[in-house]
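User: I'm new to this one. Can you walk me through it?
Analyst: Sure, here it is.
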Amino acid sequence: MTINNVYTKEQVHQVVEEVLRKLDITTASRQEPEHLDNSIPQQSSPGTKMTLSVQEAAGLIGISKPKMYELLRSNEIPSIHVGKKIVIIRQALLDWLSKGENYGKKAC
């Protein structure tokens with residue numbers, strides 16, 4: 001027997017805020033290296049980068065790449081075009097997620 005849970009808007013907001021808080025804590029706890037040598041390629045994960053590719057952003061919030069492109073085309077999520085590449089500022093994506101009320105309706 002399965003039980004379907006129905007969550008209030010308040011409960012959903014609390015969960016989203018908690019996830020965002022945990023993301024900020026894990027990002028803040030990592031220390032940046034003191035000296036960066038630009039001649040050596042730097043490796044970083046989507047959780048530490050300031051910008052994300054379309055694929056990384058879609059994966060981070062759990063939607064398909066085509067859906068992410070749709071949101072970018074409709075200017076729901078701000079992005080930057082660098083040549084042919086689309087770059088999404090991580091904080092802008094997190095801000096979009098934390099807006100609240102209708103982010104789920106527009107993303108689905």
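User: How much of the protein chain counts as buried?
Analyst: This is a predicted model. Of the chain's 108 residues, 22% count as buried.
User: And what does the protein chain expose?
Analyst: About 8,500 Å², with carbon and sulfur atoms supplying 55% of that area.
User: How many helices and strands are there in the protein chain?
Analyst: Five helices and three strands. Along the sequence they follow the pattern α-β-α-α-β-β-α-α.
User: Let's look at α2. Which of its residues are buried?
Analyst: Helix α2 covers residues 54–61, and its buried residues are V54, A57 and A58. Seen down the helix axis, these buried residues fall within an arc of 100°, so they line one face of α2.
User: Why would residues three or four places apart point the same way?
Analyst: An α-helix has 3.6 residues a turn, so residues with that spacing share a direction.
User: What is on the face of α2 turned away from the buried side?
Analyst: The exposed residues Q55 and G59 are carried there.
User: What covers the buried residues of α2?
Analyst: The cover includes two strands, β1 (51–52) and β3 (85–89). It also includes the helices α3 (65–73) and α4 (90–98).
User: What about the residue just after α2?
Analyst: That is G62, which takes a positive phi of about 80°.
User: Back to the whole chain. Of contacts between residues at least 6 apart in sequence, what share joins residues at least 24 apart?
Analyst: The share is 52% in this chain.

Definitions and conventions: Residues are numbered from 1 along each chain as its sequence is written. This is a predicted model: local features need pLDDT of at least 70, side-chain atom pairs count only at pLDDT 80 or more; totals for chains, interfaces and linings use all residues. Side-chain values use heavy atoms; hydrogens and water are left out. Helices (H or I, at least four residues) and strands (E, at least two) are DSSP runs, numbered from the N terminus. Buried means under 20% relative accessible area, exposed over 50%, partly exposed in between (1.4 Å probe, protein chains only). Contact means heavy atoms within 4.5 Å. Accessible areas come from the Shrake-Rupley method with a 1.4 Å probe; for residues, only the protein chains shown count as cover. The arc is that of the directions from the helix axis to the C-beta atoms.
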